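Here is the note you asked for, set out as numbered points that can be followed with the structure open beside the text. Please look up each residue as it comes up.

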Amino acid sequence: MTTIRREVLTLPAAPLGPDNPLPPLRPLDEAHRIDERDRAGLPRDMARQVGYEPLRSLLPAPVRDGYGRVREPREFDALVIENDRLRATVLPALGGRVTSLFHKPTDRELLYVNPVLQPANFALNGAWFSGGIEWNIGATGHTTLSCSPVHAARVPAPDGGEMLRLWEWERLRDLPFQVDLWLPRDSDFLHVGVRVRNPHERPVPTYWWSNIAVPEDRRVLAPADEAWLFGYERRLRRVPVPTYDGADRTYPRNSAYAADWFYEVPDGRRRWIAALDEHGHGLVQTSTDVLRGRKLFVWGTGPGGRRWQEWLTEPGTGGYCEIQAGLARTQLEHVKLEAESEVSWLEAYGPLEADPEGEWHTVLRGAEDRLEAVLPRTGVDAAYEAWRPHADAEPGERLATGSGWGALEVLRAGWKLPGTPFEEATLGDEQRPWLHLLHAGSLPEPDPGAPPGGTLVARPWRDMLETTAATPVAEYHLGVAQWHEGDRAQAVRSWERGLKNAAARWPLLRCLAVADQEDGHHERAADRYAEAFDDLCARVRDGAEGSPCASGTSGVSGGGEAGAREALPGSGGETSWTAATAALGGEAIGALLAVGRTADARAVWERLAPSVRARGRFRLAEAALLAAEGRRAEARAVFDEGFEVADLREGDEIIGRLWARLADEPLPARHDFRMRPDGD
């Protein structure tokens with residue numbers, strides 16, 4: 001019989017740390033955007049979906065950049081679903097990631113299992129980790145839920161056994177979703193039923209890709225003769241499969257640079273993708289036809305790709321690639337989900353044995369025949385139909401708790417969502433101010449002992465903010481919501497009104513500084529950043545042990561009076577204030593350097609706490625400061641001493657650009673994260 005049980009998984013892990021408290025008014029640099037020159041040649045439906053509702057910002061999700069690179073053993077609650085053939089291990093606190101899929105009869109792990117948990121800056125909002133099967137929903141890229149908890153519970157399965165249900169509220173698009181995992185009796189295949197619902201009275205852009213990490217010493221098979229190739233030079237082109245530019249690219253190690261290969265699976269063809277080793281053993285994923293796309297991602301054999309592989313795990317672990325399945329042809333697209341509708345499908349994951357070597361079509365026929373023998377296409381369709389009546393089944397025993405955002409939205413709108421209850425008991429501190437706005441019509445005064453919390457930006461919440469009392473905190477949140485909706489001039493007016501009577505000025509000043517940068521007013525932005533940083537430091541214990549700000553001012557705005565400084569409310573407050581000063585200080589340094597005000601940038605850097613200045617991101621900023629001051633030898637010495645920028649963004653070349661200003665020799669391997677050919 002299939003069982004579901006709790007376990008504790010211990011991994012060397014870097015702590016996630018606090019979220020960035022500054023509202024993400026601009027999206028992180030997202031790699032999944034194409035050069036405009038390539039749009040003209042796209043199929044009509046693909047061109048339409050590439051241009052459909054791209055993400056304007058990460059709001060209301062926070063940026064997660066508080067993690068580091070020091071790993072220590074840490075325990076994670078795991079849920080294990082198992083029958084006599086397969087064992088799947090799920091981490092509900094980390095997006096419901098399936099970290100292991102073990103096939104008992106052959107004693108083989110079917111996935112790439114990362115032996116560590118090392119966050120890195122790959123998710124839409126920052127923190128992400130590699131390995132296993134990941135459920136990506138929201139917008140083009142890795143989900144904001146990569147390192148966030150989801151709800152989990154036992155649910156009756158179609159065969160009378162048990163299913164493991166995972167569900168959450170995706171905040172970028174305001175959509176509830178669920179993932180049901182079960183193992184039919186004596187089955188070699190993990191069945192996964194997925195449903196995304198749109199409860200709104202308007203269409204919503206939708207995105208889904210199931211991301212499967214497998215060892216890279218494989219041949220990847222998918223039923224296609226062509227693929228859409230997309231690299232980090234952001235060019236999209238249609239290329240032949242399997243051979244392109246003189247090499248068989250279905251072997252991941254035959255690519256020099258990181259790239260996505262989106263397979264053009266013909267209409268009517270069974271949807272599947274497999275990764276097989278030299279002996280013909282490996283993993284296959286198949287689905288009902290709604291999950292249209294299939295993809296291979298490779299890191300490449302170049303120094304940058306190898307460095308990223310090491311960065312995400314530990315040396316000697318072995319490389320991996322990703323095989324994926326999604327709602328559209330490519331990850332550059334969003335699909336329209338009509339008002340008050342839903343989309344659902346079934347996926348299956350299990351072992352496959354087939355000959356991977358030989359002529360492409362012969363290999364595909366052999367693998368497809370073998371897949372049909374062990375899991376017929378009609379069997380997948382039948383499993384989907386059997387699951388659908390169970391998708392609304394109310395969860396039984398709760399096994400994990402996610403966020404309270406879904407409960408807040410259900411309270412606001414009165415939605416009924418059978419199968420995915422978002423209960424009031426899950427509401428927490430983050431939702432409390434918004435619950436007060438919903439019930440009392442006003443926002444409570446913010447806690448003076450902590451930075452402001454996150455902002456809700458959906459139109460119903462903006463409407464409430466527009467009709468509540470125009471306090472500084474309400475004007476702050478209203479401006480963020482207006483900015484998100486594209487009403488930037490009105491956002492600036494809201495922030496300026498809030499600034500007149502604000503006790504804490506720095507959150508509003510920082511928002512106005514971002515607006516200035518976007519409008520090209522870089523000197524004024526630098527002034528506001530410096531003033532904001534002075535105001536923030538005036539709200540903590542200036543110069544006290546453990547304070548996130550050292551003594552002094554930036555020398556621009558004059559700083560705050562000592563009498564206005566407030567004591568920090570213990571270690572929790574210190575953590576949130578440290579996150580605030582690091583985030584704001586980093587932005588301020590960049591803004592001041594951009595206009596040539598190196599002395600002011602240096603003053604901000606020196607006011608950061610020593611523990612913040614020791615971080616890799618700020619060691620890099622120190623090198624940039626030294627270079628701007630003409631102290632090239634000292635800047636070079638920072639590189640020689642070594643540093644690691646824990647939150648280096650996927651595709652970011654900032655380290656290489658600074659190195660090129662300081663040295664004539666090649667970029668040291670430990671700093672080489674380049675994911676594209678030189679000159680592209």
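1. The place to begin is the second largest pocket of this predicted model, which is lined by 48 residues, with Trp405, Glu430, Pro452, Gly453 and Gly454 lying nearest its centre. Its volume comes to about 1200 Å³. When the 48 lining residues are sorted by kind, 26 are nonpolar, 13 are polar and nine are charged.

2. Which elements supply at least two residues each to the lining of this second largest pocket? They are β10, α6 (432–440), α8 (472–484) and α12 (570–594). Of these, α12 gives the most to the lining, with four residues. Please keep strand β10 in mind, since this strand returns in the next points.

3. From the pocket we can turn to the enclosed spaces, for the structure holds nine cavities of 30 Å³ or more. The second largest cavity has a volume of about 60 Å³, and its lining is made up of Gly95, Gly96, Trp135, Thr143, Leu145, Val150, Leu166, Trp167, Glu168, Phe177 and Val179. Two elements, β10 (162–170) and β11 (175–182), give two or more residues to this lining, and the largest share, three residues, comes from β10. By kind, the lining of the second largest cavity divides into seven nonpolar residues, three polar ones and one charged one.

4. The two strands named for that cavity are also partners in pairing, since seven bridges join β10 to β11 and the two run antiparallel. One of the pairings to look for is that of Leu166, whose bridge partner in β11 is Val179; both Leu166 and Val179 also appear in the lining of the second largest cavity. Together β10 and β11 form a hairpin with four residues between them, and in the turn Asp174 has a positive phi of about 60 degrees.

5. On its way through the structure, β11 is joined to a further strand, β12 (residues 190–198), by six bridges, and this pair too is described as antiparallel. Here Asp180 of the pair has Gly193 in β12 as its bridge partner.

6. Is strand β11 buried or exposed? Eight of its eight residues are buried, so β11 is largely enclosed by the rest of the structure. Both of its faces are covered: Leu175, Phe177, Val179 and Leu181 are buried on one side, while Pro176, Gln178, Asp180 and Trp182 are buried on the other.

7. Phe177 deserves a second look, because besides lining the second largest cavity this residue takes part in one of the aromatic pairs, of which the count comes to 23. Phe177 and Trp208 form an edge-to-face pair, with 6.0 Å from centre to centre and 65 degrees between the planes. Phe177 lies in strand β11 and Trp208 in strand β14 (residues 208–215), so the pair ties together parts that are 31 residues apart in sequence. Both Phe177 and Trp208 are buried.

8. Another aromatic pair, formed by Trp299 and Trp308, is stacked, with 6.4 Å from centre to centre and 25 degrees between the planes. Trp299 and Trp308 are each buried. Both also belong to an aromatic cluster, whose other members are Tyr112, Phe122, Trp128, Phe297, Trp311, Tyr320 and Phe673.

9. Aromatic rings in this model also have charged residues placed over them, and two cases can be checked by eye. Arg97 lies over the face of Phe129, at 3.8 Å from the ring centre, and Arg488 lies over the face of Trp483, at 4.2 Å from the ring centre.

10. A last point concerns the strands numbered from the start of the chain, where eleven bridges join β1 (residues 3–13) to β2 (residues 72–82) in an antiparallel arrangement. Among these pairings, Thr3 has Glu82 in β2 as its bridge partner. Strand β2 is in turn joined to β3 (residues 86–91) by four bridges, again antiparallel, and there Val80 has Thr89 in β3 as its bridge partner. With three residues between them, β2 and β3 form a hairpin.

Key. Residues numbered from 1 in each chain as written. Predicted model: local features only at pLDDT ≥ 70, side-chain atom pairs only at ≥ 80, totals over all residues. Heavy atoms only, no water. 1 Å grid on protein atoms, 1.4 Å probe; cavity = no way out; pocket = protein on both sides within 12 Å on 5 of 7 lines; lining within 4 Å. Points joined across faces, edges and corners; volume = space filled by probe spheres on them. Nonpolar A, V, L, I, M, F, W, Y, C, P; charged D, E, K, R; others polar. Phe/Tyr/Trp six-rings, centres within 6.5 Å; stacked < 30°, edge-to-face > 60°. Buried < 20%, exposed > 50% of the residue type's maximum accessible area, 1.4 Å probe, protein only. Lys NZ or Arg CZ within 6 Å of the ring centre and 35° of its normal. Pairing = 2+ DSSP bridges.
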